[in-house]
Amino acid sequence: MTNWNAEAAQKIVQGKANLPGALLPVLHALQAEFGYINPDFVPEIAKALNLSRADVHGVLSFYHDFRDKPPSERVIKICRAEACQAMGASKLEDHIKRSDVTLEPVYCLGNCACGPAVMIDDKTYGRVTPEKLEELLS
Amino acid sequence: MKIYIPHDTSSLSLGADEVLAAITAKYPDIEIIRNGSRGLYWLESLIEVETDKGRVGYGPVSIDDIPSLFEAGFPEGGSMHPLYLGKVEELEAFKRQNRLTFANCGVSDALSTEDYKFEALEKALKLSPQDIVNAVKDSGLRGRGGAAFPTGIKWQTVLDTKSEKKYIVCNADEGDSGTFADRMIMEGDPYCLIEGMMIAARAVEASQGYIYLRSEYPNTAKILQQAIDNAYEAGHLGKGFDLEIRMGAGSYICGEETALLESLEGKRGMIRYRPPLPAIEGLFGKPTALNNVITLASIPFILAQGAKAYQNHGAGKSKGTLTIQLCGNVKYPGLYEMDFGVSLKELLYGIGGGTATGRPIKTVQCGGPLGAYLHESQFDTPMTYEDFAKAGAMLGHGGVVVFDDSVDMAQQARYAMEFCSIESCGKCTPCRIGSTRGVEVIDKIISNVERDQNLELLEDLCEVMTDGSLCAMGGLTPAPVLSALKYFPEDFGLLPKKKAA
Ligand SMILES: Cc1cc2nc3c(=O)[nH]c(=O)nc-3n(C[C@H](O)[C@H](O)[C@H](O)COP(=O)(O)O)c2cc1C
Ligand code: FES
């Protein structure tokens, strides 16, 4: 991930502006590059896609994925959904009440047959025990 | 010597890539095939080797097993190892299935355009659009995304609606917890989905397709994109039909078809009022055939083998096979493609082997987070749409989540309301406000605050949500709540709690 850079961001927006229904692809591309979407940049996105600021803001706030500030070094998602609950996923959450990671909830990672499931950055892990989680985070 | 190492997300989540690295470090010249999962997930990572003597499996393999596997002559198919499985097709859990849709999944190189023959498409190209629609109607195929609407009838509407532009949209949002069939086939046999979409496009005369894929599946996105690129290169795509992946952004409601269309158009995922039907006015206002991944992936079999061959499977009005995803607290979790009609009991004990913890099964939730919890007394129910409806439950996308007797059903009911309050699109009040109130009311019941009044309130609230919500999000959230309450009242403090076992 790189630091926010308005010029680079502008290029990313221009690259996707012509897609039909471009807003989600644009936001995904920005977040993939910078880890978040700078709220100051909303007017630029709106202008490029011929939308209102409220439209862009509304979409940013609707979807759980989009962040408006940079995440910590590591983003951890612990599955909170039923199949992982049944395998004791809640025990894992108590384990990472730490400050150096961004803990985000997620409802199913499609790894339900190998739960409890955890995603760290973009990688999914299965049959995660508290010990294994410690290991993954160390 | 060939070695098969799945690139399925679950296999990777258990270290398949590390196993691969260890094997290639020792045998740099070995031929590596990246296949999908066979769906026998308790055996993942399941590694297969192919020698002159045939193809045999080992599993569950973790990186720690590698030294002992090498000692046992593993790449040559050595059978003297506790993880040796023999032929995968001959395992009991595999033999009991009828793999129509998943016939190719996990068998060969998932991304090879040489291994995958677009034979069904070839047949379809010789048929008129109406003939294809008729074949799908005759097969009895119903949508596998949850609502079980007959696919052929939906396609007929799109075909009959004249427009210069039409779309095929594949719903790969797979938001239901406890389900992974879409993911498994997209990773294990992506061309099957692509072929299904191409046939659909010909049937309804569409020129553009989108796959709306949930963002929780980055590995799937990578594999599917590669498959699409390869299909363009091989000349399958791009001749009158274009296909693109669009990523969701972590919203459950975007699996609902009208919210999905809004999202594809770059908007908030808000439910649309109906009518108009998406088949008539869908994406960007154009006629759109929107189907689930498994629905579309079932099409190649139907075209290649004939509607009759598909229809011969199943029971009553539930034709064909159901891709059951058995998971949660179960000894043998996996994807089992079986004819409709198998009983829940057979699935849970005969195939699933009971719980992973060895304790009794208390309940199963079928059909995702909006599905009812079933009580042991209902385990004889055959798995068909009709029988499940009669039992007050639903099959939905085919997920079956198992819980042992340590589960607290009041907490599960609370979770169902909480999930709805988090994921509601907010357009209608019963869903948006009702679910928030639902959490509060259940909390009061649990802590015995005016329990009787609050129970009454909860039932009223559920009635309002069921009758007054715009879509099944608010409309079905009461199903898990009320089933928990009906069958497990003791967990809500209503009867003296049974002594802990
Ligand atoms: C809240 C909600 C979530 C849904 N999520 C999905 C989903 O993730 N995948 C899916 O295929 N269908 C989902 N559906 C069902 C779709 O609205 C739609 O019926 C289906 O995609 C149509 O395809 P089919 O006829 O092939 O099943 C959902 C419905 C609701 C109400
Ligand atoms: S329920 Fe946790 S990965 Fe599906």
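How many residues does the contact take from chain B and from chain A? I looked this up before anything else.

**Entry: ground rules.** I am working with a predicted model, where local features need pLDDT of at least 70, side-chain atom pairs count only at pLDDT 80 or more, and totals for chains, interfaces and linings use all residues. Residues are numbered from 1 along each chain as its sequence is written, chains are lettered from A and ligands numbered from 1 in the order in which they are written, and side-chain values use heavy atoms, with hydrogens and water left out.

**Entry: the interface.** The contact takes 60 residues from chain B and 39 residues from chain A, where contact means heavy atoms within 4.5 Å. I find about 3,500 Å² buried between the two chains, 58% of it on carbon and sulfur atoms; this is the accessible area (1.4 Å probe) that two parts lose on being put together, summed over both. I then looked for salt bridges across the interface of chain B and chain A and found zero. The rule asks for a side-chain nitrogen of Lys or Arg within 4 Å of a carboxyl oxygen of Asp or Glu. Polar contacts across this interface come to 24 residue pairs, both residues at pLDDT 80 or more. Such a contact is a pair of N or O atoms within 3.5 Å; within protein, one must be able to donate a hydrogen and the other to accept it, and residues adjacent in sequence count only if both atoms are side-chain atoms. On the side of chain B that touches chain A, the largest share, five residues, comes from H16(B). Helices (H or I, at least four residues) and strands (E, at least two) are DSSP runs, numbered from the N terminus.

**Entry: salt bridges.** Over all chains I count 28 salt bridges. Arg274(B) pairs with Glu256(B), their closest N and O atoms 3.0 Å apart. Arg274(B) lies in the loop between H11 and strand E9 (288-292) of chain B and Glu256(B) in the loop between E8 and H11, so the pair ties together parts that are 18 residues apart in sequence. Arg274(B) is partly exposed at 39% relative accessibility, while Glu256(B) is buried at 14%. Here buried means under 20% relative accessible area, exposed over 50%, and partly exposed in between (1.4 Å probe, protein chains only).

H16(B) turns up again: Arg414(B) forms a salt bridge with Glu418(B), at 3.8 Å between the closest N and O atoms. Both lie in helix H16 of chain B, four residues apart, about one turn of the helix. I also noted a network of salt bridges with shared partners, joining Arg38(B), Glu48(B), Arg55(B) and Glu89(B).

**Entry: rings.** Arg55(B) has a second role to record: its charged end sits over the ring of Tyr4(B), 3.6 Å from the centre. That needs NZ of Lys or CZ of Arg within 6 Å of the ring centre and within 35 degrees of the ring normal.

The whole structure holds 23 aromatic pairs over all chains. Rings of Phe, Tyr and Trp (its six-membered ring) pair if their centres lie within 6.5 Å; planes under 30 degrees apart count as stacked, over 60 as edge-to-face and the rest as tilted. Phe70(B) and Phe74(B) make a tilted pair, 6.3 Å centre to centre with 40° between the planes, and both are buried. They belong to a cluster linked by ring pairs, which includes Tyr27(B), Tyr58(B) and Tyr84(B).
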